[in-house]
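Got the viewer open? Let's walk through a couple of stops, picking a selection at each one.

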Amino acid sequence: MATAFPLEPSLWAATAAPALPTPPLAADVSVDVCIVGGGFAGLSTALHLAEQGTKVALLEAFEPGWGGSGRNGGQVIPGLKYDPDELQTMFPGAFGERLAKFAGSTADSVFDLIKKHSMDVPLARNGWIQGAHTAAGVALVTQRAEQWAKRGVPGARALTASEVATLLGTDKYLGGWLDPRGGGIQPLSYARGLARAAVGAGAGIYGHSPASAMKRDGSRWKVTTAQGASVTADRVVLCTNGYSGALWPGLERSVIAPNSFQVATEPLPEDVARTILPQGHVSSDTRQLLLYFRLDHQRRLMMGGRGPFREPTSPEDWGHLERVIGHLFPAAAKAPIAFRWCGRVAITREFLPHLHEPEAGLLINIGCMGRGVGLQTAMGRTMAEYIQSGKSDSLPLPVTGLKGFPLHKFRRLYLSAIIAWYRMNDGGLA
Ligand SMILES: Cc1cc2nc3c(=O)[nH]c(=O)nc-3n(C[C@H](O)[C@H](O)[C@H](O)COP(=O)(O)OP(=O)(O)OC[C@H]3O[C@@H](n4cnc5c(N)ncnc54)[C@H](O)[C@@H]3O)c2cc1C
C-alpha cells in the first residue's frame with residue numbers, strides 16, 4: 001500500500017488547477033474495467049476506455065496525481081532508456097520498429113491530449129536539452145541525436161559545448177543534444193486534467209479508495225476497497241507503479257522504487273531568470289544519477305536528482321540539490337528555496353517498462369524508469385486499445401512473466417552501494 005507522505009510541500013500542489021471532486025467509492029459497482037492507481041497510466045487508460053464507451057471505475061488511494069504523476073519534474077521527454085537502434089536490436093523486426101516509433105511518439109500523446117481536452121495546464125514546448133558531462137556522454141548524445149534525426153525528427157541535433165552553455169546558461173557541460181519534441185508542463189494540473197476528461201467521458205474515479213484486496217469472482221474480478229465497497233469487473237488494470245504494495249503477490253518486489261528529490265526556488269528576479277534556459281528548454285543530463293532542471297511558468301528554478309532511499313526527514317536531505325544550483329547557476333545560488341519534495345519512481349531489472357498478465361483479465365503496467373510523463377500517457381492509450389481489441393500487437397512491449405528483483409530484500413543496501421558507485425563515476429557533484 002502507498003504511504004501517506006503528503007503532497008502539500010510540492011510546488012505543483014501549491015500551484016495546480018483545482019481538482020474535480022473524486023469522492024470515495026461508497027457502494028458496490030459493476031463495470032467492464034476496474035483500474036487501480038490514479039497516475040498518468042491509470043487516468044489515461046480510463047480516459048481512452050471511457051471515450052470508446054467502456055464502463056470504467058478507477059480506484060485511487062489518495063487523489064488523482066498523488067503519486068509520481070503529481071510530483072515529477074514536468075519534463076515531457078520522448079524516448080526510453082535505450083536509443084531507437086538499440087531497441088531495434090533488442091526486439092528485431094516489426095516489433096522493434098513499432099517500439100522505436102512508440103518511444104518517439106510519447107511526448108506528442110501528452111501535448112495532443114492537453115489540446116484536445118482544453119486542459120488548464122501551463123506548458124511550453126520548446127524542446128529538451130540533454131547536457132553531456134563527460135566525453136563519453138558527448139559521444140552518446142551525438143549518436144542519439146543522429147538516430148532520431150535519421151528517423152525523421154526535424155531539428156534533432158547534437159550541440160557544441162558553447163551552444164549548450166548559451167541554451168542552458170551554464171558552462172559545466174561538454175556538449176549535448178536538442179530534442180525539439182520535448183517540453184514542460186505543470187504535471188499535477190495535467191493529472192487533474194486527465195481525471196476531468198475521463199469523468200467527462202463517463203469514467204467513475206474514486207479518490208481515497210485504496211484497493212485492499214482483489215480476487216476472482218467466477219469469470220469476473222472483485223476488487224474491494226479498505227472501506228469495504230467493491231468493484232466487480234470483467235478486467236482489472238493495475239497502475240500502481242512505485243507505490244505498489246501487497247495487492248498483487250510479487251508485484252512490489254518486481255521493481256526497486258527509490259524516491260527522486262526536487263527543490264524549487266522562489267520566482268527568480270527577471271535579470272537572473274533570463275540567464276537560465278533563456279529559450280525555455282527543459283533539461284536533464286547524462287549522469288547516471290541524473291540531474292534535471294527547468295524554470296516553471298513563474299520563473300522558479302527547479303532542480304531534481306537523487307536523494308536518500310528512505311522518506312526524507314529534514315531539509316538537509318535536499319541539501320545536495322541546493323548546492324548543485326549554486327554550482328551550475330551561480331547567479332541563482334542565493335535564491336531562497338520555496339519547495340522541497342520527492343516521489344517514487346519504479347526501476348525494473350532491464351530498465352524497460354513492464355507489462356504483465358499473470359491471470360486472464362488482469363493487466364499490470366509497472367516500471368516508469370523515471371521518464372513516465374509521456375510514456376505512461378501513451379501506455380494508457382495502448383492498454384485501452386489492447387483491452388478493446390484483444391490484439392496483443394496494440395501493446396508496444398511484450399507481456400512478460402512477473403519476476404522478483406534479485407536481492408529485493410537488500411534493496412536499500414544495494415541501492416546505497418550503486419548510488420555511491422555512480423556518484424564517484426559522475427564526478428561526485430550530486
Ligand atoms: C520526483 C520525480 C520526478 C520525475 N520527473 C519526471 C520528468 O520530469 N519527466 C518524466 O517523464 N517523468 C518523470 N518522473 C516519472 C513520472 O512521474 C512517472 O513515471 C509517472 O508519473 C508514473 O505514473 P504512474 O501512473 O505509472 O504512477 P503514479 O503516478 O506513481 O501513480 C500510482 C498511483 O497508484 C496509487 N495506488 C497505489 N496503490 C494503490 C492501491 N492499492 N489502491 C489505489 N491506489 C493505489 C498511488 O496512490 C498513486 O497515485 C518523475 C518521477 C518523480 C517521482
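Start by selecting R300 and D296: their side chains are joined by a polar contact of 2.8 Å (a pair of N or O atoms within 3.5 Å; within protein, one must be able to donate a hydrogen and the other to accept it, and residues adjacent in sequence count only if both atoms are side-chain atoms). Add Q298, whose side chain makes a polar contact of 2.6 Å with that of R300.

Before moving on: this is a predicted model, where local features need pLDDT of at least 70, side-chain atom pairs count only at pLDDT 80 or more, and totals for chains, interfaces and linings use all residues. Residues are numbered from 1 along each chain as its sequence is written, and side-chain values use heavy atoms, with hydrogens and water left out.

Zoom out a little, and you'll find R300 in the loop between β15 (292-295) and β16 (301-305); strands are DSSP runs of E, at least two residues, and helices are runs of H or I, at least four, numbered from the N terminus.

Is R300 buried or exposed? Buried, with a relative accessible area of 11% (buried is under 20%, exposed over 50%, partly exposed in between; 1.4 Å probe, protein chains only).

Next stop, the ligand. Select F40, where a backbone N or O atom lies 3.1 Å from a ligand oxygen. Then try N72: one of its polar side-chain atoms is 3.1 Å from an oxygen atom of the ligand. Finish on G372, with a polar backbone atom 3.0 Å from a ligand nitrogen.
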